[in-house]
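Here is a quick tour of one protein model, written for someone who would rather be at the bench. Have a look at the structure first, then read on.

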Amino acid sequence: MLGIIGGTALLQAKLPPLKKKTIATPFGSAEVMLGDIVFLSRHQGNIPPHKINHRANLSALKICGVDKLIVIGSTGGMKPEYTPGSFVILSDWFSPFDIPTLHDNDVYHVPPSVDSELSEALTEIVPSSKRGVYFQAHGPRFETKAEIKFFSSVCDVVGMTAASELTLANELKIPAAALCTVDNFANGVGGADAPDFDEIVKIAKSNGDRMTEILSRIVKRLK
């Protein structure tokens with residue numbers, strides 16, 4: 001079964017009929033929209049990024065029978081070529097801050113990976129997209145110019161959630177790939193200061209309108 005993690009706004013896309021259901025997991029409960037696919041809103045209403053219970057969210061998807069996962073997220077471009085309004089399919093991630101695990105009490109090493117078949121499918125669905133490496137910041141604040149300058153040597157876009165979701169999908173043996181919108185330039189890129197919230201909202205809405213149509217194609221292709 002196809003699972004999709006995204007924002008609540010994506011529910012306006014043309015999706016199969018979905019029914020809200022609360023799933024109990026060993027890490028707490030999570031609310032999903034269940035039908036021919038499983039949709040999970042990562043913020044579960046209005047939870048800030050650094051407080052999301054990723055372990056409950058990903059475990060709920062596993063319990064629901066998800067065996068392939070598409071993560072959809074908002075990012076900032078860390079390099080001038082990753083412009084607001086563009087789309088990025090993640091090829092790798094860098095997460096130097098706290099990343100959740102299901103293995104606090106045992107030794108279990110999982111090689112990190114983005115599923116190549118799902119990534120290729122996303123490339124065919126969104127041919128204008130770029131490939132990029134994701135830097136996961138802790139949040140909820142935006143990153144400093146110094147942080148962006150330092151980490152942009154190895155990363156292309158910055159967000160606050162996708163690395164945690166991909167890491168846990170790996171631990172749960174759920175093939176996963178990620179498609180991100182670039183909604184702003186990161187702090188200091190191209191001489192810009194910290195992202196302007198009103199501009200982010202404007203671009204995010206534009207990207208969201210396009211993403212709802214893309215999401216419909218993802219469901220048609222992968223469910």
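## Buried or not

A quick word on terms before we start: a residue is called buried when its relative accessible area is under 20%, exposed when that value is over 50%, and partly exposed in between. Keep in mind that this is a predicted model.

With that cut-off, F151 is easy to place: its relative accessible area is 12%, so it is buried.

## The aromatic cluster

Aromatic rings are a good place to begin. A pair of them is described by how far apart the centres are and by the angle of the planes. Here the count comes to four aromatic pairs. One of them is F94 with F135, an edge-to-face pair with 6.3 Å from centre to centre and 70° between the planes. That pair links distant parts of the chain, since F94 sits in strand β6 (residues 87-94) and F135 in strand β7 (residues 130-136), 41 residues apart. How do the two partners fare on accessibility, buried or exposed or partly exposed? F94 comes out at 31%, so it counts as partly exposed, whereas F135 is at 1% and therefore counts as buried.

F94 has another partner, F151, and this pair is edge-to-face too: the centres are 5.4 Å apart and the planes make an angle of 85°. Because F94 belongs to strand β6 and F151 to helix α3 (residues 145-151), the pair ties together parts that are 57 residues apart in sequence. Put the ring pairs together and you get a cluster of F94, F135, F150 and F151.

## Cysteines

Curious about cysteines? A disulfide is a covalent bond between the sulfur atoms of two cysteines. A search of the whole structure turns up zero of them.

Two cysteines can still be placed by accessibility. C64 has a relative accessibility of 16%, so it counts as buried. C155 has a relative accessible area of 0%, so it is buried as well.

## The second largest pocket

Rolling a probe the size of a water molecule over the atoms shows where empty space is left. In this model, the second largest pocket holds about 230 Å³ of space. It is lined by 14 residues, and the closest to its centre are H50, D98, P100, H138 and S164.

What is the lining of the second largest pocket made of, by class? There are seven nonpolar residues, six polar ones and one charged one.

## Loops worth a look

T161 is found in the loop between β8 (157-159) and α4 (162-171). Its relative accessible area is 8%, so T161 is buried. The side chain of T161 makes a polar contact of 3.3 Å with the side chain of R42.

Next, go to P140, in the loop between β7 and α3. The peptide bond joining G139 and P140 is cis, with omega at about 0°.

Finally, there is K173, in the loop between α4 and β9 (176-185). Its phi is near 60°, a positive value in a residue other than glycine. With a relative accessible area of 59%, which is over the 50% cut-off, K173 is exposed.

Note on methods:
Residues numbered from 1 in each chain as written. Predicted model: local features only at pLDDT ≥ 70, side-chain atom pairs only at ≥ 80, totals over all residues. Heavy atoms only, no water. 1 Å grid on protein atoms, 1.4 Å probe; cavity = no way out; pocket = protein on both sides within 12 Å on 5 of 7 lines; lining within 4 Å. Points joined across faces, edges and corners; volume = space filled by probe spheres on them. Nonpolar A, V, L, I, M, F, W, Y, C, P; charged D, E, K, R; others polar. Disulfide = S-S within 2.5 Å. Buried < 20%, exposed > 50% of the residue type's maximum accessible area, 1.4 Å probe, protein only. Phe/Tyr/Trp six-rings, centres within 6.5 Å; stacked < 30°, edge-to-face > 60°. Helix = DSSP H or I, 4+ residues; strand = E, 2+ residues; numbered from the N terminus. Polar contact = N/O pair within 3.5 Å; in protein donor to acceptor, adjacent residues only side chain to side chain.
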